Each structure stands twice: as C-alpha cells, then as structure tokens.
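Student: Got a minute to go through a structure with me? I'd like to start with the helices and then wander a bit.
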Amino acid sequence: MIIQPTINILKKLLLSGILFFCFGFIGAQNSLKLNDTAPEIHLKTFQDIDFKLSSLKGKVVLLDFWATWCAPCVEEQPFLKEIYTENDNAVKEGRFEIVGVSLDKSRDNWKKIIERETINWTQISDLQFWKSPVAKTYGIEELPYNLVLDKSGKVIAINIHGEELKTFIADELKKEFE
C-alpha cells in the first residue's frame with residue numbers, strides 16, 4: 001500500500017507548513033512596538049550617499065515605508081509633502097525629518113516618482129524589494145507603513161495616516177521642543 005505512506009508524508013508537510021507560517025507571521029507582527037528603540041537603518045540615499053537612522057537622533061522622525069508600485073503609497077506622497085512643508089521651520093531648525101524607505105527594485109521607477117512628486121526629504125533604499133533586510137528587521141508586511149520616532153529614537157506611533165498623522169506630528173513637535 002503506497003497510498004498510506006504518501007498521505008502521512010503529505011500530512012506532515014502540511015502541518016510543518018502551517019506551523020512555519022503561523023510562527024513566522026506572529027514573529028513579524030510583533031517585531032516592533034510602541035516605546036521600542038527603532039533598529040538602526042544603514043542604506044544609501046537616492047543620491048548614493050551613506051545614511052544612518054541614528055544620525056537623526058535629536059529629531060522627531062517620520063519613517064515612511066513605501067514603494068512606487070504601491071498606488072496608495074504614491075497617493076500619500078503629496079500629503080507627506082504637505083506635512084513636510086507645514087513643518088518647514090522644524091525641518092530647518094533640525095527638529096523634524098521625514099525619511100522615505102523605498103521597497104522598490106527599480107531605480108528608474110523610484111527616480112520618476114521622486115522627480116514627479118518633487119519629494120525633497122531623505123529617500124533611502126537597497127532596491128531589494130521585499131527581500132530588503134530593513135523590511136525584515138521592521139516586520140514590514142504591507143505598504144504604506146510608517147513609524148514616528150521621538151528625538152531619542154523610540155517608536156511613539158505606528159502606522160497612522162491622514163489628518164491623524166498631521167496632528168500627531170504637530171503635537172509631538174510642540175511637546176518635544178517647547
């Protein structure tokens with residue numbers, strides 16, 4: 001009877017796959033929480049300059065994980081530009097910064113959107129798509145995704161958007177620097 005051993009093997013493979021998926025998913029979902037220190041990010045900017053997240057200590061930072069192939073991410077860029085512009089004094093005074101972390105794999109597509117949307121805040125990527133070690137470290141499973149960090153580098157907001165994000169940034173800048 002060849003059928004019975006084959007069924008047992010299939011059952012074991014299925015069970016192994018389910019366990020692997022569940023534990024992997026749980027681990028990624030719980031990788032970063034409020035008040036955790038944001039892990040270091042060391043990537044190249046769009047201008048091919050070394051960038052380290054730790055260089056922004058002392059500033060409130062909005063980490064925006066996005067990609068050009070993600071329509072909601074691209075649609076959100078003008079709103080982020082609005083936040084950046086409204087907080088221009090905080091940017092100039094070294095109190096606030098946005099960092100776009102792109103999960104793209106095409107530099108040309110990345111460049112087109114940056115230029116089309118006139119994105120003028122720091123943009124970084126390793127162009128490794130979902131295989132980016134940064135995406136794994138931060139447990140990124142969907143886009144757009146963002147984190148707000150306080151001036152010590154701790155996570156103070158996770159994945160808020162729209163007016164809620166705008167208000168949160170303004171309130172945090174007041175709280176941190178007034």
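Tutor: Sure. One term before we start: contact, which is what packing rests on here, means heavy atoms within 4.5 Å. Keep in mind too that this is a predicted model.

Student: OK, so what do the buried residues of H6 pack against?
Tutor: Quite a list: strand S3 (60-66), helix H2 (71-86), helix H3 (88-92), S4, strand S6 (145-149) and strand S7 (155-158).

Student: And which residues of H6 are buried?
Tutor: Leu 165, Lys 166, Ile 169, Glu 172, Leu 173 and Glu 176. Looking down the axis of H6, the buried residues fall within an arc of 135 degrees, so they line one face of the helix.

Student: What's exposed on the other side of H6?
Tutor: Glu 164 and Lys 175 are exposed there.

Student: How does the end-to-end span of H6 fit with its 16 residues?
Tutor: It agrees with expectation: at 1.5 Å a residue, residues 162-177 should span 22 Å, and the end C-alpha atoms are 23 Å apart. The expected figure is 1.5 Å times one less than the number of residues, which is why 16 residues give 22 Å.

Student: Now H4. Which residues are buried there?
Tutor: Trp 110, Ile 113 and Ile 114. They fall within an arc of 100 degrees seen down the axis of H4, so these too line one face of their helix. Over on the other side of H4, Asp 108, Lys 112 and Arg 116 are exposed.

Student: And what do the buried ones in H4 pack against?
Tutor: S1, S3, H2, S4 and S5. You can see a piece of that from Ser 102, which is in strand S4 (residues 96-102). Leaving out residues up to four places away in sequence, Ser 102 touches Trp 66, Ala 67, Trp 110, Ile 124 and Ser 125.

Student: Is Ser 102 buried or exposed?
Tutor: Buried, because its relative accessible area is 2% and the cut-off for buried is under 20%.

Student: What happens to the backbone just after H4?
Tutor: Thr 118 takes a positive phi of about 45 degrees there, and Thr 118 isn't a glycine. It sits in the loop between helix H4 (107-116) and S5, partly exposed at a relative accessible area of 43%.

Student: Where else is there a positive phi in a residue that's not a glycine?
Tutor: Asn 35, with a phi of about 75 degrees. Asn 35 is in the loop between helix H1 (3-29) and strand S1 (42-45), and counts as exposed at 56% relative accessibility.

Student: While we're on backbone, which peptide bond is cis?
Tutor: The one from Leu 143 to Pro 144 is cis, with omega near -5 degrees. Pro 144 lies in the loop between H5 and S6.

Student: Changing topic: how many disulfides does a search of the whole structure find?
Tutor: The search turns up 1 disulfide. Cys 70 and Cys 73 form it, with their sulfur atoms 2.4 Å apart. The torsion about their S-S bond is about 75 degrees, so this disulfide is right-handed. Both cysteines, Cys 70 and Cys 73, are buried.

Student: How many aromatic pairs are there?
Tutor: A search of the whole structure finds 7. One of them is Phe 65 with Tyr 145: ring centres 6.2 Å apart and planes at 55 degrees, so the pair is tilted. It links distant parts of the chain, with Phe 65 in strand S3 and Tyr 145 in strand S6, 80 residues apart. Both rings belong to buried residues.

Student: Got another tilted one?
Tutor: Yes, Trp 69 and Trp 130, at 5.9 Å centre to centre and 55 degrees between the planes. Trp 69 is in the loop between S3 and H2 and Trp 130 in the loop between strand S5 (122-125) and helix H5 (133-138), so the pair ties together parts that are 61 residues apart in sequence. Trp 69 is partly exposed at 40% relative accessibility, and Trp 130 is partly exposed at 30%.

Student: What about Tyr 138, which cluster does that go in?
Tutor: Tyr 138 forms one aromatic cluster with Phe 65 and Tyr 145.

Student: Last one: which charged residues lie over the face of a ring?
Tutor: Lys 105 lies over Phe 129, at 4.5 Å from the ring centre. Arg 107 lies over the face of Phe 46, at 4.6 Å from the ring centre.

How values were computed. Residues are numbered from 1 along each chain as its sequence is written. This is a predicted model: local features need pLDDT of at least 70, side-chain atom pairs count only at pLDDT 80 or more; totals for chains, interfaces and linings use all residues. Side-chain values use heavy atoms; hydrogens and water are left out. Helices (H or I, at least four residues) and strands (E, at least two) are DSSP runs, numbered from the N terminus. Buried means under 20% relative accessible area, exposed over 50%, partly exposed in between (1.4 Å probe, protein chains only). The arc is that of the directions from the helix axis to the C-beta atoms. A disulfide is a pair of cysteine sulfur atoms within 2.5 Å. Rings of Phe, Tyr and Trp (its six-membered ring) pair if their centres lie within 6.5 Å; planes under 30 degrees apart count as stacked, over 60 as edge-to-face and the rest as tilted. A charge sits over a ring if NZ of Lys or CZ of Arg is within 6 Å of the ring centre and within 35 degrees of the ring normal.
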